[in-house]
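I am opening these notebook entries to keep track of what I looked up in one model, going through strands, helices and backbone geometry in turn.

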Amino acid sequence: MGRTWTEQDRSFMERALLVAERGRGQVSPNPLVGCVLVKDDKVIAEGWHDHLGGLHAEQMAIHDAEAKGHSPNGAVAYVTLEPCNHFGRTPPCTEALMWAGVQEVVIAHEDPNPTVRGKGLHVLEAAGISTSLGLMADEAAEQMRPFLHWCKHRKPIVTVKLAVDANGSVDDRSVDAGRFTSPGCLEKVHELRQDCDAVLVGVETVIRDDPLLTVRIGQPKRQPLRVVIDPNGRCPPSAQLLTDGGEVMLVQSSFAGLPSLLNRLGDQNIQRILIEGGPTTIHRFLDERLVDEFYLVQSRHEHVSPVPSHISADVLAKAGLMATNELVWGEDNVEHYTRSTSLDA
């Protein structure tokens, strides 16, 4: 198994990683996967896992080749994740590759799922198909980070998004609750929600803001689970998120059970959760060092009667988070913090 990879090999895997992105926000708890088929040093077909229950990337690529009048027989498949060898929502991808007559499979990252974990490689090799593993493995790992984290820890990655005004305030008590960030920022937040399996807030946020916590851009094929921390049963029955027919989890246990809550969510195949609550909820997660990444959004707006966030670089550093890059969402600046050891914690 294995061979020396060329720049051309890398370009084909880069394409596989690029097409895998087309499934973002639609395939969890499955990972993002892309595949390209190459013959005579040219891409003849490509595929990706588009939605839960749909064709896997290898199967879509084979179908794409045939639809274009190309035979996949003798082709080289570049796949971002080790092909599965078990029956799930679809037949095994190893069988599809063997049936198609693919002569070589180049894989970016092994599949840590116990149902696969090397079995796909072994089955392909036993069938006489040449395989190699590890081309652009780091890039593939970053792309499917929530899936790999969940496979290892059986709990979700915790992402926090907090918006503050120019002075670090999260709310203006002089006016009714309302958004103070830009429309462009709102669009980015919805993109972030779409990439998460669940969104969590505290009951104070529900009482003050009455949020929907849904994805309302594009044509989402799924909505995140809404989780409300409400230990004293104060969530208003008329709240929008309780009356719109979507899925909601009311957590009526104390904050002391936060690690067990993440384990419970992991058991429900939640691989990434977005915390959009207020400072009290966010600080609870930070204090227990449960946050893996943090988006601190700063608006140019200034509140008249401010509510301090008490979030600073020092507070985030104590929680194990370091600033990694600065972003611009619409008219707002965003500081992005990450836990560099999130996959190994």
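I take two strands as paired if DSSP finds at least two bridges between them. The model I am reading is predicted, and I keep that in mind throughout.

Entry on the strand pair. I looked up how strand E1, residues 34-39, is joined to E2, and I found six bridges between these two strands, which run antiparallel. Within the pair I noted that Cys 35 stands opposite Gly 47 in E2. The two strands form a hairpin with two residues between them, and there I recorded that Asp 40 takes a positive phi near 50 degrees. I then checked the burial of strand E2, residues 42-48, and since five of its seven residues are buried, I describe E2 as largely enclosed by the rest of the structure.

Entry on the helix pair. Two packed helices are described by the angle between their axes and the distance between the axes, and I looked up both values. For helix H2, residues 57-67, and helix H3, residues 93-100, the axes come within 9 Å and cross at roughly 25 degrees. I count H2 as roughly parallel to H3 because of that angle, the cut-off for this label being under 35 degrees. As for the hand of the crossing of H2 and H3, I entered left-handed. Which residues of the two helices meet? From H2 I listed Glu 58, Gln 59, Ile 62 and Glu 66, and these meet Cys 93, Ala 96, Leu 97, Trp 99 and Ala 100 in H3. Sorted by character, the residues of the contact of H2 with H3 divide into six nonpolar, one polar and two charged.

Entry on the backbone in the loops. I looked up the peptide bond that joins Ser 28 and Pro 29, and I noted that it is cis, with omega about 15 degrees. Pro 29 has its place in the loop between helix H1 (7-20) and E1.

I also looked up Met 136, a residue other than glycine with a positive phi, near 60 degrees, which is found in the loop between strand E5 (130-133) and helix H5 (137-143). Is Met 136 buried or exposed? Its relative accessible area is 8%, so I entered Met 136 as buried, the cut-off being under 20%.

For Leu 213 I likewise recorded a positive phi near 60 degrees in a residue other than glycine, and I placed Leu 213 in the loop between helix H8 (203-209) and strand E9 (225-229). With a relative accessible area of 4%, Leu 213 is therefore also entered as buried.

Notes
Residues are numbered from 1 along each chain as its sequence is written. This is a predicted model: local features need pLDDT of at least 70, side-chain atom pairs count only at pLDDT 80 or more; totals for chains, interfaces and linings use all residues. Side-chain values use heavy atoms; hydrogens and water are left out. Axes are lines fitted to C-alpha atoms, for helices over the stretch in contact, and angles run from 0 to 180 degrees between N-to-C directions. Helices (H or I, at least four residues) and strands (E, at least two) are DSSP runs, numbered from the N terminus. Angles under 35 degrees count as roughly parallel, over 145 as roughly antiparallel, 65 to 115 as roughly perpendicular and the rest as oblique. A crossing is left-handed if the near helix is turned anticlockwise from the far one by less than a right angle, and right-handed if clockwise. Contact means heavy atoms within 4.5 Å. Ala, Val, Leu, Ile, Met, Phe, Trp, Tyr, Cys and Pro count as nonpolar, Asp, Glu, Lys and Arg as charged, and the others, Gly among them, as polar. Buried means under 20% relative accessible area, exposed over 50%, partly exposed in between (1.4 Å probe, protein chains only).
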